[in-house]
Amino acid sequence: MEKIEYLLDSQNKLKVCDQVSEVVREFCGAYTSDEKEINRYRLTIEECLLNWFDRGCDGRKLVVQYGKRKLREPFFELIYDGEAFNPYISEDIPSILTDKLLESLGLSPIYMYKNGLNILKFTIGDNGINSFKQLGITFALAAIVGFMGLMFMPETVMSVINNEIITPVYDTFMNVLNCIAGPMIFLSVAWGIYGIGDVATLNKIGKKIFLIFTRTNIIVAVLSLVTIYFLDVSYSVGSIKFENFTDILQTILQIIPSNIVEPFQQGNTLQIIFLATATGIALIYLGQKADPIAKAVESINHLTHFFMKAISKIVPYFVFVVVVSLMWSNSLDIITSTWKFVLVLLIAIIVLIVIFYAYAAIKFKTSFVKIFKKCMPSGIISLSTASSAAAFNSSNDICNNKLGINSSLTGFGIPLGMVMCKPINIVNMMIIMFFFMGYYNIELSLGTLVLGILSAIILSIATPPIPGGAAIAYTLFLAQMGIPTEALAVILAIDMVTDFIITAGETMCLLPNLILVADRVGLLHKEILRDEE
């Protein structure tokens, strides 16, 4: 672990900023080749340092510490000797912009004040291999092994390997996912709600934003039912049994569990999220009285995230094993037929983006092309990185300077929207349900549709924003809808590609929704929105 010390005064602050920025650039460059990510760290560091210096720095000491501890991610810390002050949170931004919300999205460092020292800790994510390359390598190796087995291996040997090795490995992986899925979703939702901050913020602004984002999610989920007609003939209206509305009522009422343990034992997603929501709201209302519980939730949340990041690293091996198994059992048609799934998803994303921008253009009497061109840079960043966090700074700049959204809203509206506004993920979940129900000939009823809509909305919002988080959501969704778990490997393989377009679609859909939110709370400058760039 390396350490560099600086003695500060008002004359050398810019020099120190440049020196620290260069240290950060070299350190980050050793772990990631993403220049945008490196620049994001540098700009964040410079902003933090300047904010500290502006509060008086003569005679103060700054320590820059960086390295990588065993079995941990690389990190660097800024340690400043002075009065307690978190430089990453401006005083004019409402309390909804807390460390909890930003940290969960990978947008902020961890701040603490200990023994008279301000400490900012950043962790560096290991980008690893590009997802497209990873997918290509996985399928290439699986194809080679699969074809070699088909050409040179007796069927009895392949059957033994399938039954005695591949199947137990598959079952073990699924057991691990199921073991951690329930607790992770519970902790992610509870901690995310607690991150809102306080009752005043929840009542004053939070409810309006939640209402708009929730309304968007519900409308999109209902509209996504149209995709049922483009996936398979078995999804025609004639194949759907319209049951009694009592079944729908029963589905909704069953969200409330009979006891606190049963949802985790049975893996009931809706009941787990109900308990998590109630816990998060209770923590907000109890305030300081619940601090010990909140700290326990935070600690366990970090622990489960650590496990999930480790599990996510073996997902490619899991996909490899399942593809080989499908080849040896002559079941590759489930993979080859997914072209229709991807095509329908792509068309749905384009249609949704057009609808959102057309609605905003009509409502605010401006040009569709004008708004779209202003927002496109963020979409391009998300498309190239498959990361909404990477587009955060771009989205913030676009909202403030091009869309006319007041900075007091964008500071927390963007990160909250990245969690709450999930139209593209919802469509993806619905298409997954329709596609695999058709493939496995699972009967689709009105009650199943309602359950699917609720599960798609809630799981899309509850998906932990970490590596492997999508695998957790897909695992729970398949179990909830009664789809065989073998579909998970196919979904994860497709997700390596569709994650790029889904992330870009979410970013592009969030910005026009933030325009509507800003107008609703009176923080939209319409003349800026209508101006040319």
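Here are some short exercises on the structure above, each with a worked solution.

This is a predicted model, in which local features need pLDDT of at least 70, side-chain atom pairs count only at pLDDT 80 or more, and totals for chains, interfaces and linings use all residues. Residues are numbered from 1 along each chain as its sequence is written, and side-chain values use heavy atoms, leaving out hydrogens and water.

**Exercise 1.** Check the span of helix 1, then work out how its buried residues are arranged around the axis.

*Solution.*
- Helices (H or I, at least four residues) and strands (E, at least two) are DSSP runs, numbered from the N terminus.
- The expected span is 1.5 Å times one less than the number of residues.
- Helix 1 (residues 13–29) has 17 residues and should therefore span 24 Å; its end C-alpha atoms are 24 Å apart, which agrees.
- Next, list the buried residues (buried: under 20% relative accessible area; exposed: over 50%; partly exposed: in between; 1.4 Å probe, protein chains only).
- In helix 1 these are Val-16, Cys-17, Val-20, Ser-21, Val-23, Val-24, Phe-27 and Cys-28.
- Down the axis of helix 1, the buried residues fall within an arc of 165 degrees, so they line one face; the arc is that of the directions from the helix axis to the C-beta atoms.
- The face turned away from the buried side carries the exposed residues Leu-14, Lys-15, Asp-18 and Glu-26.

**Exercise 2.** Find the pairing partners of strand 2, and decide whether strand 2 is enclosed or open.

*Solution.*
- Two strands pair if DSSP finds at least two bridges between them.
- Strand 1 (residues 2–7) runs antiparallel to strand 2, joined by 6 bridges, with Ile-4 opposite Val-64 of strand 2.
- Strand 3 (residues 75–81) also pairs with strand 2 in the antiparallel sense, over 6 bridges; there, Phe-76 is the bridge partner of Tyr-66.
- In strand 2 (residues 61–67), 6 of the 7 residues are buried, so the strand is largely enclosed by the rest of the structure.

**Exercise 3.** Locate Lys-365 and Asn-441, and compare their phi angles with the usual sign.

*Solution.*
- Most residues other than glycine have a negative phi.
- Lys-365 has a positive phi of about 55 degrees, and the phi of Asn-441 is near 55 degrees, also positive.
- Lys-365 lies in the loop between helix 13 (338–363) and helix 14 (368–385), and is exposed at 68% relative accessible area.
- Asn-441 lies in the loop between helix 17 (423–439) and helix 18 (446–462), and counts as exposed at 69%.
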